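This report describes how strands and helices are arranged in one protein model. Please keep the structure in view while reading.

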Amino acid sequence: MISQVFILSSQGDHLIYKDFRGEAGSDVVNLFYEKVTALTGDQPPVVMRHKDVHFVHVRQGGLYWVATTTADTSPFTIIEFLNRLTALVKDYCGSLSERSVQMNFALIYELLDEVVDYGYIQTTSSDILKNFIQTEAVSSKPFSLFDLSNVGLFGAETQQSKVAPSSAATRPIQSSRDQGGKSEIFVDVIERMLVVIGSNTSLLSLSCSHPSEMRIGLNEEFSIGKSQLRGYGAAVRVDECSFHQAVRLDEFDSLRILRLCPSQGEQTVMQYQLSDDLPSAPPFRLFPTIERDNGGRLLMYMKLRCDLPPKRSVLDPTRLQSFSSELNLSQELSSPDQSAELQPQSRAVVWKIPRFPGGTQLSALFKLEVPGFSSASMLEVGPVSLSFELPKITATGLQIRFLRLSPFQPGPAQRWVRYVTHSDSYTIRI
């Protein structure tokens, strides 16, 4: 049983509050935020307790999605409910952000009224809820297929003449009522890299994972396991993969075609994993120099090289782990658009690079004054963790050959494919 559901911004602002049973006062909202912010570290516990009230929360879109309960309810059930609630809000509002929640608060309250009744979960299916939800979503930016301001995010390189803007896939599902029967399909091929590189630049471990009648054709050379290499082109191999329960695999073994009947909203069609033996080298190499000067300061000289092709660019910052909470930082960066800051609470120096073109090299010199610094303290420096996004790239080489809809689909359909690789955990030891 769920007593309350509320949504908070990262600063603790109250965005949504719904009390289903009246078992606890509204002061639990402030109490939850105080408990979360009082904890050290980047990952507070998902389940917390204060007297008879249990807090269960997830972090999505930079927001806290929280449910409270006073009964002996399975925390896994509530976590699954919160994850499905965030997916529903994303489907109906178009995106997960503080601004989107503020502009669509009436729609979210209507969703909560239909999803939960007196603390009991009723349904989280978009197909069922669309018959009852009447409030239209408010979009912060009108959608237009003629808006090509972000042409580099969607579509393979062979489809440059038909590229959707980056906001195309974030339209709410209700907007399809105004499309005159035209259906649109957006396929995201998203891979997440988990990499550990040793101090001698050797690759210690690597893993890569991927999160609609419709037919999706994959590479003919797509193989599962080392014993199933097939086709005449460059092999695209994964160690294991799993499919959504609605996917039919009768054409997969012979033609590498997935078949399913998609429902409105977002679905994970296939998940796969590859450990080691990537077809290409990791995108970054780091050349660190760590030493101590005559004044006892710690000098860290970092050279970071991007081994992607020159036409590719990387987005998001680089993160360097340090080791003391009492530091003074001075810096010398190789370009003015970069920035660096010291975060004493997390004991880290964050080096932010807004854009990193392939085939280039950047450098930074950090000088830190550390009280009580000794030679033994040098062993506490590191590792380096990188956070980035690679648009239009898949580390495994997986590609969508075609995306075909059944002839029974009414009206013309637009098909869009996007390839993205994220860094789930990219660690370099120094």
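The paragraphs below treat a sheet, the helices beside it, and then some further strand pairs.

The model is a predicted one. In it, five strands build an open sheet with antiparallel pairing, and their order across the sheet is β2-β1-β5-β4-β3. Because β2 (14-19) and β3 (47-50) stand at the edges and have a single partner strand each, one side of each is left without a neighbour in the sheet. From one strand to the next, the twist averages 20°. Within this sheet, β4 and β5 are joined in the antiparallel sense over seven bridges, and His54 has Thr69 in β5 as its bridge partner.

Two helices can be placed relative to these strands. Helix α1 (residues 28-38) packs on the sheet, where it touches β1 (4-8), β2, β3, β4 and β5, and its direction makes about 55° with that of β1. Helix α4 (residues 105-115), for its part, lies across β1 and β2 and runs at about 25° to β2.

Later in the chain numbering, strand β17 takes part in two antiparallel pairings, one with β16 and one with β24. The table sets these beside the β4 and β5 pair.

| Strand | Partner strand | Bridges |
|---|---|---|
| β4 (residues 53-60) | β5 (residues 63-69) | seven bridges |
| β16 (residues 284-292) | β17 (residues 298-306) | nine bridges |
| β17 | β24 (residues 361-369) | eight bridges |

Between β16 and β17, which form a hairpin, there are five residues, and Gly296 in the turn has a positive phi of about 85°. Arg292 stands opposite Leu298 in β17, while Met302 has Ala364 in β24 as its bridge partner.

Technical notes
Residues numbered from 1 in each chain as written. Predicted model: local features only at pLDDT ≥ 70, side-chain atom pairs only at ≥ 80, totals over all residues. Heavy atoms only, no water. Pairing = 2+ DSSP bridges. Helix = DSSP H or I, 4+ residues; strand = E, 2+ residues; numbered from the N terminus. Axes fitted to C-alpha atoms, helices over the stretch in contact; angles between N-to-C directions. Contact = heavy atoms within 4.5 Å.
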